[in-house]
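Student: I have a fold on screen and want to learn how to read it. Where do we begin?

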Amino acid sequence: MKDKRVLIISSEVVPYLPQTEQAKNSFFIPKSVNESGGQTRIFMPRYGLINERRHQLHEVIRLSGMNLVINDMDTPLIIKVASIPKERMQVYFIDNEDYFKRRATLREEDGTLFDDNDERMIFFTKGVIETVKKLNWSPDIIHMHGWFTTVITLYLTTQYKHEHLFQQSKIVSSIYPQDFDGVLAGALHDKIAFDQLDPEAIRPLNEPSYEELMNLNVQFSDGFVLAGEELPEGVIKSIKASDKPILDYETSKAEKAFVEFYTQNFVS
């Protein structure tokens, strides 16, 4: 992995959020890559419950300031950055007063998903991609974690498919156990359709259930990590039918499992 670049995109990362499986993976994978001579950048939302002073976040003026169009509305993008203590890892935070100021992640106090998670997903997606473009940092591997990052695979392989920074990038998606029922509130399909993406490509988003979001990842990813023991059977079936590289849950627990998975399938 020497000098190879891995972009980690996640809705949860240790030490900024509690130690869920996803948050821990989003820390340990880039740590393993760095220890193997690779380079990493980590992106996550800047939720209001993240203590900026404790974690020493600061705004990057040269990266902030652009407006992203979300459903025909100009929405300001703020980029903050922090370094994980004792590690050579930088974390970039996608921020916006309307979408991420609230002191919560993706759910209300009663556990229901926020009604505007559809727009938050689109904003986060565009914020990550546009910031990586500003950094002029071309990743060899883009590793997505969690359903909140799902539409990034869609945008990278449609609207941004001719962007030179990403043309050689391989997309890996970690599939975690289902953590919501029903469909996302809002109109995710129509808001993404505003960006004039291929109607057939976004068809699964008419009813954005957890399984449909994962099936979108299956369509546009180059490989998969099964990041849990209990995953929806329909998703597992789609992944296996895709005939793309798979890292199973038990194997992924080995110390260098992800580095080996990357090198065997995506980089020389």
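Tutor: With one strand pair. This is a predicted model. E9 and E10 pair in the parallel sense, over four bridges. For a register mark, take Val172, which stands opposite Gly223 in E10.

Student: What comes on the other side, and in which sense do E10 and strand E11 pair?

Tutor: E10 and E11 (residues 246-247) are parallel too, with two bridges. Val225 has Leu247 in E11 as its bridge partner. To get from E10 to E11, the chain passes through helix H8 (residues 233-242), and this β-α-β crossover is right-handed.

Student: Which way do the side chains of E10 point, and are they buried or exposed?

Tutor: Read the strand by its two faces. In E10 (residues 223-226), Gly223 and Val225 point one way. Phe224 and Leu226 point the other way. All four residues are buried.

Student: Now the whole sheet. In what order do the strands stand?

Tutor: Follow the neighbours across, not the sequence. The order is E3-E6-E7-E2-E1-E8-E9-E10-E11. That makes nine strands in an open sheet with mixed pairing. Strand E3 (58-59) and E11 are the edges; each has a single partner strand, so one side of each lacks a neighbour in the sheet.

Student: How many bridges join strand E1 to E2?

Tutor: Five, and E1 (residues 5-10) runs parallel to E2. Leu7 is paired there with Arg41 of E2.

Student: Next, a helix against the sheet. Which strands does H7 touch?

Tutor: H7 packs on the sheet and touches E9 and E10. Its direction makes about 155 degrees with that of E9. Angles here compare N-to-C directions and run from 0 to 180 degrees.

Student: How do I read the buried face of a helix?

Tutor: Start from the geometry. An α-helix has 3.6 residues a turn, so residues three or four places apart point the same way. Now list the buried residues of H7: Tyr210, Leu213, Met214, Leu216, Asn217, Val218 and Phe220. Their cover includes H5, E9, H6, E10 and H8.

Student: Asn217 catches my eye in that list. What is it in contact with?

Tutor: Asn217 belongs to H7 (residues 210-220). Its relative accessible area is 2%, which is why it counts as buried. Setting aside neighbours within four places in sequence, Asn217 contacts Thr150, Thr153, Ser173, Ile175 and Phe224.

Student: Give me a second buried polar residue to practise on. Which residues does Ser32 touch?

Tutor: First locate it: Ser32 lies in helix H1 (residues 21-35). At 8% relative accessibility, Ser32 is buried. Not counting residues up to four places away in sequence, Ser32 touches Glu255, Lys256 and Val259.

Student: And for contrast, is Glu109 buried or exposed?

Tutor: Exposed, at 88% relative accessible area. Glu109 sits in the loop between helix H3 (97-100) and helix H4 (117-135). From Glu109 to Tyr210 is 101 residues in sequence and 21 Å in space, C-alpha to C-alpha.

Student: Let us turn to aromatics. How many aromatic pairs does the structure hold?

Tutor: Eleven. Ask for the distance and the plane angle of each. Phe43 and Tyr92 are stacked, with 5.0 Å centre to centre and 15 degrees between the planes. Phe43 lies in strand E2 (residues 39-45) and Tyr92 in strand E7 (residues 90-95), so the pair ties together parts 49 residues apart in sequence. Phe43 is buried at 0% relative accessibility. Tyr92 is buried too, at 5%.

Student: What about Trp147 and Phe180; what form does their pair take?

Tutor: Edge-to-face: 5.1 Å centre to centre, 65 degrees between the planes. Both sit in loops. Trp147 is between strand E8 (141-145) and helix H5 (150-156), and Phe180 is between strand E9 (170-175) and helix H6 (188-193), so the pair links parts 33 residues apart in sequence. Trp147 is buried at 5% relative accessible area, and Phe180 is buried at 6%.

Student: Which residues form an aromatic cluster with them?

Tutor: The cluster consists of Phe124, Trp147, Phe148, Phe180 and Tyr210. Tyr210 is also among the buried residues of H7.

Student: Last one. Where does the charged end of Arg102 sit?

Tutor: Over the ring of Phe114, 4.6 Å from its centre.

Methods
Residues are numbered from 1 along each chain as its sequence is written. This is a predicted model: local features need pLDDT of at least 70, side-chain atom pairs count only at pLDDT 80 or more; totals for chains, interfaces and linings use all residues. Side-chain values use heavy atoms; hydrogens and water are left out. Rings of Phe, Tyr and Trp (its six-membered ring) pair if their centres lie within 6.5 Å; planes under 30 degrees apart count as stacked, over 60 as edge-to-face and the rest as tilted. Buried means under 20% relative accessible area, exposed over 50%, partly exposed in between (1.4 Å probe, protein chains only). A charge sits over a ring if NZ of Lys or CZ of Arg is within 6 Å of the ring centre and within 35 degrees of the ring normal. Two strands pair if DSSP finds at least two bridges between them. A crossover is right-handed if, with the strands pointing away from the viewer, the path from the first strand over the helix to the second runs clockwise. Contact means heavy atoms within 4.5 Å.
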